[in-house]
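Reader: I'm a first-year student and I'd love a close look at one helix, with some of its surroundings afterwards. Could you walk me through it in plain words?

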Amino acid sequence: MAMMQTSDMPTRISAEQHGRANQKINNGTIHHQQRTSSSGRQEKDLDERFSAIAAKMYAEGLPAALVKTFRRYYAQLLAGETGTIPSEQALAVCALPKAESLRKYHQAGMAALSQTVMIKLNGGLGTTMGLAGPKSLIPIKEGHSFLDIIVQQVLHMRQQHDVELPLLFMNSFNTEAATAAALAAYPELTQPIPLSFRQHKVPKLRQEDFTAIDWPDDTEKEWCPPGHGNLYLALYTSGLLKELLEQGYEYAFISNVDNLGATLDLDLLGYIAENAIPFLMEVAARTVADRKGGHLAQDANQRLILREIAQCPPEEIELFQDTKRYSYFNTNNIWLNLQALDKLLQQREGILDLPLIRNAKTVDATDENSPAVYQLETAMGQAISLFSEAHAVEVPRTRFLPVKDTGDLLALRSDLYLLDESYRIQPNPARQIDDTIVIELDPAYYRTLAQFEEHFPDGVPSLVNCRRLSIEGEIYFLLSK
């Protein structure tokens, strides 16, 4: 079944299994109702088991809406739910509008810019690269960190367009202090609202009995961020969402702090403003390199959904990674209508019930022999399923330049990319190869930032016309002066 395309709105094509998927969902709903109505004993058991966890959360000063939300996910955990979404309930999506077709909305974006804020997700540490501090402080280009470049981008746009354009960082309890210290170097970054707000934290749960773990050696390790899906509740409980609306801000552009391709695009801003779109996800064409990342799909009612690999049944991993079937991946660049978000949160008392992601970890990420725990998380992009008029747009790969490991760092530090006068990362026009570069660094020698710096003491070599770089073994790169 195909829908007629009107204006620039996406066409969604359903799969042949719609009928079977609907039947499966309906059967599942009936089964759930029978199970939960059979006895009040399950609810009593839940209350008894969760009481100690709730007490721990309240003792930390965490808001009631977060405790209620966590209780719902805890109930799912006790019921044996893993948050998986089978392929029968994650159907293919095609024929999305492309960003380059939206240039006619540029002027509308200019008009909406004074009502817009930028939010950067800044809760991550550089643990993958052996760091204990915020990833946003890693030097990335010409001596500038992620944070430096983002701040300069905003300052440039403020001057160029004569707007306030507030910049907000959602920090975790791990990154808040160091980020505040780094931002102190920019006294000119004044604005009518705070520069940051804090992501919540939730207890790590023992896998063996689902109790909140105690770790006296380092009590901070007893807690974890609940995923960037916590953004909405953090905005709500902090009062910041209300403050933004009271000051006349209507739109928010949200992206990961380590993705320097995620700049504020006036065409996309104009698109959501002109069409009253409550939620817009930027997606890009999925390649083999993206097969493990979350992909866009739709349910049997043609409502857009996001499915992460942690939500895929183990027996369907190969199908999950089929880039022809699931051809779009989530860049985690999200556009929000703040009034629509506020209305949704008010209706649900702050509890959005985003799909559960159950992540199996160890309490100490650096010690694989430490006790096994579950971290209950949600993803920001999964809110796409909560807005009936949500949309997705295919954007070019240049809007997705994350740094997840030292291979990504090598690419951005090299001459593959240039930093222009507006502090935007641009592909080097001297590159004569269309293919995206593939970089593979031996993890035994290049995994951590310290190892990387040791092996590239003079900086990184030219990669402008390199298609693939694979390094095995210990090699030092000494550049001639």
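Author: Let's start with the buried residues of α12: they are T406, G407, L409, L410, A411 and L412. Keep in mind that you're looking at a predicted model. Helix α12 runs over residues 406-413, and with six of its eight residues buried, the helix is mostly covered. As a rule of thumb, an α-helix has 3.6 residues a turn, so residues three or four places apart point the same way.

Now look at how α12 begins. D405 caps the N-terminal end of the helix, with a side-chain oxygen 3.0 Å from the backbone nitrogen of G407. G407 turns up twice here, then: as the partner of D405 in that cap, and as one of the buried residues of α12.

You can find another example of this in α9. That helix covers residues 266-274 and is also mostly covered, with seven of its nine residues buried. The buried ones are L266, D267, L268, L269, G270, Y271 and I272. At the start of α9, a side-chain oxygen of D265 comes to within 2.9 Å of the backbone nitrogen of D267. So far we've looked at how these helices start, but there's something to see past the end of α9 too: just after it, A276 takes a positive phi of about 50°.

What's the fuss about a positive phi? Most residues other than glycine have a negative phi. D162 is not a glycine, yet its phi is positive, at about 55°. You'll find D162 in the loop between α5 (146-161) and β4 (167-171). D162 counts as exposed because its relative accessible area is 71%, and the cut-off for exposed is over 50%. Y423 isn't a glycine either, and its phi is positive at about 65°. Y423 sits in the loop between β17 (417-419) and β18 (425-427). With a relative accessible area of 23%, Y423 is partly exposed.

Loops can hold covered residues as well. Take N230, in the loop between β8 (223-224) and α7 (231-237). Why does N230 count as buried? Its relative accessibility is 5%, and buried means under 20%. Which residues does N230 contact? Setting aside neighbours within four places in sequence, they are L66, Q199, H200 and T378.

For a loop residue with another setting, go to T287, between β10 (279-285) and β11 (295-298). T287 is partly exposed, at 34% relative accessibility. The side chains of T287 and D290 are joined by a polar contact of 2.8 Å. Not counting residues up to four places away in sequence, T287 also touches T323 and R397. If you want a feel for distances, try T287 and F70: their C-alpha atoms are 35 Å apart in space, and the two residues are 217 apart in sequence.

One more loop is worth a stop. D458 lies between α14 (449-455) and β20 (468-471). The relative accessible area of D458 is 30%, so D458 is partly exposed. Its side chain reaches the backbone nitrogen of L479 at 3.1 Å. You can measure another long stretch from here on your screen: D458 and F320 are 138 residues apart in sequence, and their C-alpha atoms lie 41 Å apart.

Finally, zoom out to the whole chain. There are 14 helices and 20 strands in it. Of its 481 residues, 52% count as buried. A compact globule with 481 residues would have a radius of gyration near 23 Å, and the chain has 23 Å, so the two agree. Along the principal axes, the C-alpha atoms fill a box of roughly 75 × 60 × 50 Å. How much do residues far apart in sequence contribute to the contacts? Among contacts with a separation of 6 or more, residues 24 or more positions apart account for 77%.

The outside has its own numbers. The accessible surface of the chain is about 21,900 Å², and 49% of that belongs to carbon and sulfur atoms. As for charge, the chain has 45 positive and 61 negative side chains, and the centres of these two sets lie 5 Å apart.

Terms used. Residues are numbered from 1 along each chain as its sequence is written. This is a predicted model: local features need pLDDT of at least 70, side-chain atom pairs count only at pLDDT 80 or more; totals for chains, interfaces and linings use all residues. Side-chain values use heavy atoms; hydrogens and water are left out. Helices (H or I, at least four residues) and strands (E, at least two) are DSSP runs, numbered from the N terminus. Buried means under 20% relative accessible area, exposed over 50%, partly exposed in between (1.4 Å probe, protein chains only). A polar contact is a pair of N or O atoms within 3.5 Å; within protein, one must be able to donate a hydrogen and the other to accept it, and residues adjacent in sequence count only if both atoms are side-chain atoms. The radius of gyration is taken over C-alpha atoms; the globule rule is 2.2 Å times the number of residues to the power 0.38. Contact means heavy atoms within 4.5 Å. Accessible areas come from the Shrake-Rupley method with a 1.4 Å probe; for residues, only the protein chains shown count as cover. Lys and Arg count as positive and Asp and Glu as negative; His and the chain ends are not counted. The place of a charge is taken as NZ of Lys, CZ of Arg, CG of Asp or CD of Glu.
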